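Biologist: Could you take me closely through a single part of this model, the place where one chain meets the other, and tell me what surrounds it?

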Amino acid sequence: MATLDFAQLWSPLRLTLELATLTTLLLLVVGTPIAWWLARSKARWKEAVAAIVAMPIVLPPTVLGFYLLLLLGPQGPGGALAGLWGARTLAFTFEGLVLGSLIYSMPFVVQPIRNAFEAIGDRPLEVAATLRASPWDTFWSVAVPLARPGFMTAAVLGFAHTVGEFGVVLMIGGNIPGKTKVLSVAIYDFVETQRWQEAHILAGGMVVFSFVVILAMLVIERRTARVGT
Amino acid sequence: MSAPPIARIFLAALLLLAGLAPARAADVKVAVAANFTDPVKEIGQGFEKSTGHKLILSFGATGQFYAQITQGAPFEVLISADQATPAKAIAEGYAVAGTAFTYAVGKLALFSKTAGAVAGETTLKEAKFAKLSIANPATAPYGAAAIETMKALGVYEALAPKIVQGNNIAQAFQFVDTGNAEVGFVALSQIAFVEGGSRWIVPANLHKPIAQDVVLLKAGANNETAKAFLQYLKSPDARRVIEKFGYGID
């Protein structure tokens, strides 16, 4: 049996953590205004927007991967964007993976925040308005603190879902060590080359990680319920 | 030329004798290495027409299939992209000894969608491209052959940062086909009927021969149709198709 190569285990692990962290932070920034609008808007077509945001839940990752490969490529907008710094394509890059992950994990961040905003209801916001708080102030001092459990759920789910991403990365990543070879792809490679010892270490780690994530979710939920009463 | 009538009658008689066997015995579940996708479809049509049996084809990477076979996947024939995997399958008891043979010798090609972009080994030495697509060398023989070729030409160190890997040779081609990589090492069989672009057929002395073996798996040990399909792969009809797609014959 081949000896364990820890660099081969650590590199995809670190890359995955970087990808998931960056994606989660960006999604909290991008997703919050979307969630707020979805929660507060009276527009009739807002559910159409909600449906678009939620679509990656239903779409097979191969569909996302296929279109991303074309969109990121030389003939797509991604290629034009990459042209700004002299590259031809956004596929096979860490930036490309971040872009793909944003789309892939967006519903898991937007939905919990939207739910949390909706649960606040009109009353606290009206009270804040009568106290002459500006909408901006109301948002930060009232809505965000009240929706904090929603933000925590969103961050945990967004992070975990990005860690678990496989199909999209497989299709647009190009399996480059240190750049696009993330955990799930590394596990796939280890299984395919019958290096099951390494596969077990990473896959077993994922099992523990998933358990911790779900446990954390449940604890957040319970604590929220207690605060509410 | 199809099997002589006497052979067909014999086969039919065998199937009649096996009348109590499940009706699906006339199906063969075949795991096919991605590079052989197009040829096996055409060969399969000939086989189905001349025997009336049906092939159920699954396409993927050889290594992936092997991992599945060790866990009881129901494949009856493995059309591998290498010789090592069928040999290993026999050694580890997943395939029937004495049934492996080389059905094709693969040819590696450097390919670009752009006319004139690939001119020969100078293309690799000048390296006027950003991304070079290859199949995963750890699992795909065409990927390993691509690495060997670059090393033989002394350009591997220089090109390594430009390499992107497809999970198998089909994906390596797809990266080139979508333009995400300007050039790529692909199987000649994949571009045998692709018009335009530019290509360089890598001389066979730059890498170890890509001898591709097929083997009867344990799940198909008693399936006469599976055995008949292995025989059919050696037939002149099948060989004509294999050569047409740019493979050599052992």
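Modeller: What follows is a look at one helix of chain B, at the chain interface and at the domains of that chain.

This is a predicted model, in which local features need pLDDT of at least 70 and side-chain atom pairs count only at pLDDT 80 or more, while totals for chains, interfaces and linings use all residues. Residues are numbered from 1 along each chain as its sequence is written, chains are lettered from A in the order in which they are written, and side-chain values use heavy atoms, with hydrogens and water left out.

The helix is α8 of chain B, residues 169-177, where helices (H or I, at least four residues) and strands (E, at least two) are DSSP runs numbered from the N terminus. Its N-terminal end is capped by N168(B), which places a side-chain oxygen 3.0 Å from the backbone nitrogen of A170(B). Within the helix, I169(B), Q171(B), A172(B), F173(B), F175(B) and V176(B) are buried, a word used here for under 20% relative accessible area, with exposed over 50% and partly exposed in between (1.4 Å probe, protein chains only).

After the helix, T178(B) lies in the loop between α8 and β8 (183-187) of chain B, and because its relative accessible area is 16%, T178(B) counts as buried. Leaving aside residues up to four places away in sequence, T178(B) touches L69(A), L70(A), P74(A) and Q75(A), contact being heavy atoms within 4.5 Å. G179(B), just after α8(B), takes a positive phi of about 80°.

Turning to the whole interface, 24 residues of chain B are in contact with 22 residues of chain A. The two chains bury about 1900 Å² between them, 52% of it on carbon and sulfur atoms, buried area being the accessible area (1.4 Å probe) that two parts lose on being put together, summed over both. On the chain B side, Q165(B), N167(B) and N180(B) lose the most area to chain A, together 26% of what that side buries.

The rule finds one salt bridge across this interface, a side-chain nitrogen of Lys or Arg within 4 Å of a carboxyl oxygen of Asp or Glu, and the side chains of R88(A) and E182(B) meet in a salt bridge at 3.4 Å, N to O. Nine residue pairs, both at pLDDT 80 or more, are in polar contact between the chains; such a contact is a pair of N or O atoms within 3.5 Å, one able to donate a hydrogen and the other to accept it within protein, and residues adjacent in sequence count only if both atoms are side-chain atoms. The side of chain B that touches chain A draws at least two residues from each of α3, β7 (163-166) and α8 of chain B, and α3(B) gives the most, with four residues.

As for the rest of chain B, an automatic or database domain assignment divides this chain into domain 1 (23-105 + 210-244) and domain 2 (108-201). Their centres, taken over C-alpha atoms, are 27 Å apart, and 11 residues of domain 1 are in contact with 13 residues of domain 2. Between them these domains of chain B bury about 900 Å², 69% of it on carbon and sulfur atoms, and the rule finds zero salt bridges across their interface.
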